[in-house]
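Q: Could you take me through the aromatic ring pairs in this chain, and show me how they sit in the fold? A bit of the surroundings would help too.

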Amino acid sequence: MKKQILIITYYWPPAGGPGVQRWLKFVKYLPGFDIEPIVYCPENPSYPMVDESLLHEVSADLRVIKQPINEPYRFAKMLSKKGVKQISSGVIPKQKKQSFIQKLLLYVRGNFFIPDARKNWVKPSVKFLAEYIKTHHIDTIVTTGPPHSLHLIGFQLKKQLNVKWLADFRDPWTSIGYHKELKLTKRSQEKHKQLEVSVLNFADEIIVTSANTKREFESQTDTPISVITNGYDRHHIQRPPKDEKFTLSHIGSLLSERNPTHLWEAISELIQEHDDFRSAFQLKLIGVVSEDVLQTMKNYGLEGYINNLGYVTHEEALRQQMASRVLLLVEIDSEDTKVIIPGKLFEYMASGTPIIAVGPTDSDVEAILKATNTGYYFYYDKKERMKSQILSYFDAYKSDSLVVSAIGLEQYSRKSLTKLLSEII
C-alpha cells in the first residue's frame, strides 16, 4: 500500500509560469516511488498567468481537493487593473516611476496582507484539512511557497495534529528582492521575520532550491535542510529547426531590475562594428517584460532587432529554447539574488542551446553552468567579456558549429529529483 502525502499548493494547472512546474512534476513521478500524492489547491484562484496545456499533465488518477479562496486582487483591480496584474506577476516598476496608485497597492499589499495576499485562505484551509487528514489517516503534509501563507497552514496543522510537515521554499521569504519593494513598516518587517523563523523552526524538514538558501536558513534554525533544485523533464516535443537568424532569446520575466545595461551596450557595439552581425542578429523576448527594460534596449538602438512574443505556453517555450541560437538568463545584481536559481535554467541546459547568463557574484547559477559546461556566466560590469563571448558564438553560428557538450545533466532530471524527495518523505 502506497504512503499518502498531502501537498498544499497555491499554483496548480491551469496556472502558468514557473511556480506550478515544481510540484506538478514531483506529483507526476512520486507514484513510481510508492508514494500517493494528494493535492490541495484553491478552487477560484487569481493566477497572473494561465496555461491550459498544463492540464494535460495532470493524471486522471490524481486526487485533487479544491476549496474556495478569498483574495483581495479583484477589489484592487477597481483601482488599477494593470497595476494589480504587474504586482501579482512580480513586475514592480522602479520607485521613481511608480504612480500614486502603484505605491498605494504596494503599501497595502506589504502591510495589510502579511505574509501575502492569500492569508485569508489559512484559517478555512486549516479547518477543512484537519478533518480531511484525520478521516483519511494522512501522516505527512507538504507546503510549498511562495505564497508563504501556505506555510502557515502547515504550521497550524502540525500544531493541531502533530503530522510530519515538510516546508518547501521555492524562493526565500524575507530576503528575496521584491520583498524589499513592499514599503514595509518596521512593525510589518518584524512580523514577516517572526513568521519566517516560526516556520523554519517548527517544520520537521525544510526543502530549498539552492545551496545559498540553505546556508541562509541554517543561520536561523537547526531544522534539517535539504537542497532539491528545480529541474527539467523529458518531453515528446519534436525538435524544431534552428532560427535562421542569430537569435539571442530570453524566456521568462524581465523585471525592472533585471536590466544588464552593459549587455545591451555590448550588443549595440557589435551591431555597429560588424555588418554580418547586424544583418543576422535578433533579440527574442518571450514572457513579461518591464517597460523600463524595453526603454533601455531602445536607448541602445536595439528596438529594430527585438521580436517580443509576450507570454506563450510552456510547450511553446520549450520549442523556442530549442530553436534559438543562444539563450539569455538574467538575474538582478544583488547579494539577495545569488540564492535564486530560475527553474528555466534546467530546461535551458536540457535544450542543447548555449547559454549566456548575467547576474551577481557567488551565484548558484554560475556554479551550475560551469559544472555542466552548458554556457558562460558574467557579472554585470563585464561588458568586454560578454561582447567577446557573443562574437565567439556568432562565429560558431556562421560556421554551423554552435553546439553544447553538456555533462552531468541527469542529476537535474525531474525523476532523479523526485527520488531525492521520496527519500525525505
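A: Here is a walk through the rings, with the whole chain before them and one helix with its following loop after them.

A quick note on ground rules: this is a predicted model, where local features need pLDDT of at least 70, side-chain atom pairs count only at pLDDT 80 or more, and totals for chains, interfaces and linings use all residues. Residues are numbered from 1 along each chain as its sequence is written, and side-chain values use heavy atoms, with hydrogens and water left out.

First, the whole chain. It has 16 helices and 13 strands, which are DSSP runs numbered from the N terminus (helices are H or I, at least four residues; strands are E, at least two). The C-alpha trace spans about 70 × 50 × 40 Å along its principal axes. A compact globule of 425 residues would have a radius of gyration near 22 Å, and the chain agrees, with 22 Å; that radius is taken over C-alpha atoms, and the globule rule is 2.2 Å times the number of residues to the power 0.38. Buried residues make up 58% of the 425. Here buried means under 20% relative accessible area, exposed over 50%, and partly exposed in between (1.4 Å probe, protein chains only).

Now the rings. Rings of Phe, Tyr and Trp (its six-membered ring) pair if their centres lie within 6.5 Å; planes under 30 degrees apart count as stacked, over 60 as edge-to-face and the rest as tilted. By that rule the count comes to 20 aromatic pairs. Take Y40 and F128: their ring centres are 6.1 Å apart and their planes are at 20°, so this pair is stacked. The two come from distant parts of the chain, with Y40 in strand β2 (residues 35–42) and F128 in helix α5 (residues 122–136), 88 residues apart. Y40 counts as buried because its relative accessibility is 0%, while F128, at 26%, counts as partly exposed.

Then look at F346 and Y412, with centres 5.1 Å apart and planes at 40°, so that pair is tilted. It also links distant parts of the chain: F346 is in helix α13 (residues 344–350), Y412 is in the loop between α15 (383–398) and α16 (414–424), and they are 66 residues apart. F346 is buried at 0%, and Y412 counts as buried at 11%.

Ring pairs also link F246, F277, F281, Y305, F394 and Y397 into a cluster.

Next, helix α8. Its buried residues are N212, T213, E216 and F217. Seen down the axis of α8, they fall within an arc of 135°, so they line one face of the helix; the arc is that of the directions from the helix axis to the C-beta atoms. These residues pack against β5 (164–169), α7 (186–202), β6 (205–208), β7 and α14 (364–372).

Just along the chain, T221 lies in the loop between α8 (211–218) and β7 (225–227), and T221 counts as buried at 6% relative accessibility. Leaving out residues up to four places away in sequence, T221 touches L200 and N201 (contact means heavy atoms within 4.5 Å). The T221 side chain reaches the backbone oxygen of L200 at 3.0 Å, and makes a polar contact with the side chain of N201 at 3.1 Å. A polar contact is a pair of N or O atoms within 3.5 Å; within protein, one must be able to donate a hydrogen and the other to accept it, and residues adjacent in sequence count only if both atoms are side-chain atoms.
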